[in-house]
Each structure stands twice: as C-alpha cells, then as structure tokens.
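Reader: Could you walk me through this one and back up each label you use?

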Amino acid sequence: MRKKKDTHSFDFRPLGLTIREAREKAGLSRNDLGDKVFYGERHIADIENIGKHPSFQLFHDLDTMFNISVDEYFYPAKNVEKNTARRQIDSSLDLLSDNELKIIQGTIDGILNSRENKK
C-alpha cells in the first residue's frame, strides 16, 4: 500500500495583494496588465483578490515585471536578502539621474542622522 504524500498548500493571497499594489503603483488597470501578459482582466482580478494560483509562466512574468521578491513569501521565516520593497526601490533608482540620486542620498543621510541623534 502506498503512503499518501504530504502536500503543502500555498496561500497565494498575500502575493496576489503585492501584485495588485505593484500594478496600481505602476498606474496599470487590470485590463492593461492583462493585455501585457495575454490574460483576461478577470483572471488578473482572481489572482489579486482571491489568491488564485497563476500558471508558472504568468507567475514569473508578474514577479519580474514588478520586481517582487518571492523569497519573502516562500520562506517567511528566513531573512531575505532583498525584499520586494528593496527590489522596487533599486529598480526605481536605476531610472534617476546622478543629480536626482544626490537628493535621494541626502534624504537617506538625514534619516540615518536622525536615528543617531535619537540614541
């Protein structure tokens, strides 16, 4: 008699919410996103709202399109090197000029100095 294999059911809802936030931040409607990835608006809505599992190809396309770190969802107990926020910030920084990066660096310096002064 064969032993039944233990399976893990992955809750895709948190990742679906992250995809929705990234889509909205990019200024895309569900229809716009569906056109880009060749899926219907309803399918995108189901992924975002109820955690429907997408195909592996769609999952890959959405994660790379929006720079989402899947490690933080697959391995929540581990300290992820770059979470989704860091990946998205890195991607945005690549779009800035050197002068704009100086402004960002000044902001970072101000935040770090503020932390030091609170200690």
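Author: What follows goes from the overall picture down to a few residues, and keep in mind that the model is predicted.

Reader: Fine. What makes up the fold in terms of helices and strands?
Author: The protein has seven helices and zero strands. Going from the N terminus, the elements simply read α-α-α-α-α-α-α.

Reader: How do you know whether the protein matches a compact globule of 119 residues?
Author: You set its radius of gyration against the rule. A compact globule of 119 residues would come out near 14 Å, but the protein has 19 Å, above the value for a compact globule. The C-alpha atoms fill a box of roughly 65 × 40 × 20 Å along the principal axes.

Reader: And how much of the protein is buried?
Author: Buried residues are 25% of the 119. On the outside, the protein exposes about 9,300 Å², and carbon and sulfur atoms supply 51% of that. As for contacts between residues at least 6 apart in sequence, 48% join residues at least 24 apart.

Reader: What makes the buried residues of α4 lie on the same side?
Author: The buried ones in α4, which spans residues 56-65, are L58, F59, L62 and D63. They cover an arc of only 125 degrees around the axis, so they sit on the same side of α4. The general background is that an α-helix has 3.6 residues a turn, so residues three or four places apart point the same way.

Reader: What covers those buried residues of α4?
Author: The cover includes α1 (13-25), α2 (30-37), α3 (41-50) and α5 (71-74).

Reader: Which residues have the most contacts inside the largest nonpolar core?
Author: That core has 16 residues, and L15, I19, L62 and F66 have the most contacts inside it. The elements giving two or more residues to the core are α1, α2, α3 and α4. Take F66: leaving aside neighbours within four places in sequence, F66 is in contact with I19, A22, R23, A26, L28, L33 and Q88.

Reader: Why is S69 called buried, with a relative accessible area of 1%?
Author: The cut-off for buried is under 20% relative accessible area. S69 has 1%, so S69 is buried. S69 lies in the loop between α4 and α5.

Reader: What is S69 in contact with, leaving aside its neighbours within four places in sequence?
Author: V80, K82, N83, T84 and R87 are in contact with S69. With K82 there's a distance to quote as well: a polar atom of the S69 side chain lies 3.1 Å from the backbone oxygen of K82.

Reader: N67 is in that loop between α4 and α5 too. Why is N67 called partly exposed?
Author: Partly exposed is the range between under 20% and over 50%. N67 has 27% relative accessibility, so N67 counts as partly exposed.

Reader: And what makes the phi of N67 worth a mention?
Author: The sign. Most residues other than glycine have a negative phi. N67 is not a glycine, yet N67 has a positive phi of about 50 degrees, and N67 comes just after α4.

Reader: What is the phi of F38, which is not a glycine either?
Author: F38 has a positive phi of about 65 degrees. You'll find F38 in the loop between α2 and α3.

Reader: Does F38 count as buried or exposed?
Author: Exposed means over 50%. F38 has 75% relative accessibility, so F38 counts as exposed.

Methods:
Residues numbered from 1 in each chain as written. Predicted model: local features only at pLDDT ≥ 70, side-chain atom pairs only at ≥ 80, totals over all residues. Heavy atoms only, no water. Buried < 20%, exposed > 50% of the residue type's maximum accessible area, 1.4 Å probe, protein only. Helix = DSSP H or I, 4+ residues; strand = E, 2+ residues; numbered from the N terminus. Arc of directions from axis to C-beta. Contact = heavy atoms within 4.5 Å. Core = buried A, V, L, I, M, F, W, Y, C linked by side-chain atoms within 4.5 Å. Rg over C-alpha atoms; globule rule 2.2 N^0.38 Å. Areas by Shrake-Rupley, 256 points an atom, 1.4 Å probe, with all protein chains shown as cover. Polar contact = N/O pair within 3.5 Å; in protein donor to acceptor, adjacent residues only side chain to side chain.
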